[in-house]
Amino acid sequence: MNKIIVLLITLIVSSLAHAEKPKSVYMTVWRGCEEACQGFFDYIKTNNLPVEVTLRNADRDKTKLAEFLEEAKTLSPDLVVTWGTSVSKAIIGTREEFGNKTKLGDIPALFMIVADPVGAGIIDSPQTSGRTLVTGIRNRIDEEVQIRVMREYFPVNKIGVVYSTAELNSNLNTEKLQSLEQKMEFETLVETYELDENGKPLPGQFDTKMQKLVEQGADVVYVGSSSYNLANRDEFTASAVAHGLPVASAYDSMVTKSNALISVSNKYYRVGQLAANQAEKVLFEGVEPGSLPIAELSSYSISINMEVARNMSIFPPIQLLRFAELVNADMK
């Protein structure tokens with residue numbers, strides 16, 4: 001009898017110790033721990049989740065990703081989280097390369113901040129990954145929605161895009177715009193940056209590209225996905241405004257922290273919190289990643305930079321003012 005009691009106590013203590021053991025997450029980000037990364041960490045902290053995160057920053061250097069992949073495989077965490085298309089393709093791999101499997105073997109993976117995970121070949125459809133150990137977050141607002149919101153603001157018949165052909169997301173984004181031309185009756189005007197031998201845009205091209213868009217009759221410059229334009233947002237938007245071109249963007253920060261006119265976006269911080277919620281299901285509820293739907297926020301945000309609107313004399317209509325977050329609204 002005593003032996004049975006001792007055995008039961010041992011099992012209970014062992015079970016409690018196992019329950020309290022922190023789960024391990026290996027997170028690789030592309031450009032530091034920005035808003036989505038912070039949202040992920042805040043969700044863990046707020047909900048008192050026993051999670052230990054190993055964070056690695058590629059700092060926009062693709063050569064680091066192979067090293068991170070090997071480290072992740074060696075550490076064998078409970079979950080790998082990837083931020084961005086380049087990181088996700090390098091760490092998880094594509095369906096074309098690995099089918100239902102991934103580069104990580106039997107380690108579950110969760111991606112976030114991937115502009116077009118289907119186009120990038122990471123998942124099978126917008127709803128499901130089609131891969132047993134992969135789940136993720138859809139964060140980008142569809143281009144059809146972007147154009148409809150632009151047209152709520154001003155006439156849009158010609159949409160200008162300026163991007164680097166070395167960025168997969170930018171290529172996919174432009175292709176998506178072009179696929180909507182007939183349906184939505186507009187024309188896409190494409191300007192691409194000249195690149196150096198390392199595939200990076202040569203400096204000093206913004207004014208030339210904006211002038212070419214003006215000459216072609218562009219109504220707006222749209223930034224759907226471009227790490228280069230985002231990193232150089234002040235110079236990019238200043239050049240566009242100087243040429244009389246409003247900038248519409250899927251990046252909220254181009255409006256809130258620079259001089260784009262309007263953005264239709266999902267806040268990165270909220271995307272990170274949603275990713276952490278998805279991670280919680282995998283880590284603590286035992287849900288197989290591939291059985292989870294690709295998650296997305298139920299609503300999007302519209303931001304309008306009123307200082308830019310005043311300077312360009314492009315004032316938003318009442319219907320947008322009812323829903324939009326107004327940036328610099330009190331400036332005179």
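These legends go with a set of close-up views of a predicted model.

**Figure 1. The whole chain, before we zoom in.** This predicted model has 15 helices and 13 strands in the chain. Along the principal axes, its C-alpha atoms fill a box of roughly 90 × 45 × 35 Å. Of the 332 residues in the chain, 48% are buried. The chain exposes about 15900 Å², with carbon and sulfur atoms supplying 50% of that area. As for who touches whom, take the contacts between residues at least 6 apart in sequence: 74% of these join residues at least 24 apart.

**Figure 2. Two domains, each built from two stretches of sequence.** The domain assignment gives domain 1 as 23-139 + 267-296 and domain 2 as 143-265 + 300-327. Their C-alpha centres lie 28 Å apart. Where they meet, twelve residues of domain 1 are in contact with 14 residues of domain 2.

**Figure 3. The largest pocket, lined from both domains.** This one holds about 870 Å³ of space. Its lining counts 33 residues, and the ones closest to the pocket centre are Trp 30, Lys 62, Ser 86, Glu 167 and Ser 227. Domain 1 and domain 2 each put at least three residues into the lining. Look for helices α4 (85-91), α7 and α10 (227-231), each of which supplies at least two lining residues. Sorted by class, the lining of the largest pocket has 15 nonpolar, eleven polar and seven charged residues.

**Figure 4. The second largest pocket, with α7 in view again.** Here the space comes to about 380 Å³. The lining has 19 residues, and Ala 115, Asp 116, Asp 142, Glu 143 and Lys 176 lie nearest the centre. Helix α7 gives the most to this lining, with five residues. Both domains take part here too, since the lining draws at least three residues from each of domain 1 and domain 2. By class, the lining of the second largest pocket has eight nonpolar, four polar and seven charged residues.

**Figure 5. The largest cavity, closed off inside the protein.** The count comes to two cavities of 30 Å³ or more, and the largest has about 60 Å³ of space. Its lining includes Val 161, Val 162 and Tyr 163, along with Ser 170, Asn 173 and Thr 174. Further along the sequence, Tyr 222, Val 223, Gly 224, Ser 225, Ser 226 and Asn 229 also line this cavity. The elements β6 (158-163), α7 (168-179) and β8 (220-223) each supply at least two of the lining residues. Five of the lining residues are nonpolar and seven are polar, with no charged residues in the set.

**Figure 6. The second largest cavity, with a lining of its own.** About 30 Å³ of space lies in this cavity. Its lining is made by Gln 146, Val 149, Met 150, Ala 248, Ser 249, Ile 262, Ser 263 and Val 264. Two or more of these residues come from each of α6 (143-153), β9 (247-249) and β10 (262-265). By class that makes five nonpolar, three polar and no charged residues.

**Figure 7. Thr 188, tucked into strand β7.** Thr 188 is found in β7, which covers residues 187-192. Its relative accessible area is 10%, under the 20% cut-off, so Thr 188 counts as buried. Leaving aside residues up to four places away in sequence, Thr 188 touches Ile 159, Val 161, Leu 177, Gln 178 and Glu 181. Val 161 may look familiar from the largest cavity, where it is one of the lining residues.

**Figure 8. Asp 59, a loop residue with positive phi.** Most residues other than glycine have a negative phi. Asp 59 goes the other way, with phi near 55°. Asp 59 sits in the loop between β2 (51-57) and α3 (65-75). At 47% relative accessibility, Asp 59 is partly exposed.

**Figure 9. Asn 328, another positive phi, just past a strand.** For Asn 328, phi is near 60°, again a positive value in a residue other than glycine. Asn 328 lies in the segment after β13 (325-327). Its relative accessibility is 27%, so Asn 328 counts as partly exposed.

Methods:
Residues are numbered from 1 along each chain as its sequence is written. This is a predicted model: local features need pLDDT of at least 70, side-chain atom pairs count only at pLDDT 80 or more; totals for chains, interfaces and linings use all residues. Side-chain values use heavy atoms; hydrogens and water are left out. On a 1 Å grid over the protein atoms alone, a cavity is a set of points where a 1.4 Å probe fits but cannot get out, and a pocket is an open set with protein on both sides within 12 Å along at least five of seven lines; lining residues have an atom within 4 Å of a point. Grid points are joined across faces, edges and corners, and a volume is the space filled by probe spheres set on the points. Helices (H or I, at least four residues) and strands (E, at least two) are DSSP runs, numbered from the N terminus. Ala, Val, Leu, Ile, Met, Phe, Trp, Tyr, Cys and Pro count as nonpolar, Asp, Glu, Lys and Arg as charged, and the others, Gly among them, as polar. Buried means under 20% relative accessible area, exposed over 50%, partly exposed in between (1.4 Å probe, protein chains only). Contact means heavy atoms within 4.5 Å. Accessible areas come from the Shrake-Rupley method with a 1.4 Å probe; for residues, only the protein chains shown count as cover. Domain bounds come from an automatic or database domain assignment.
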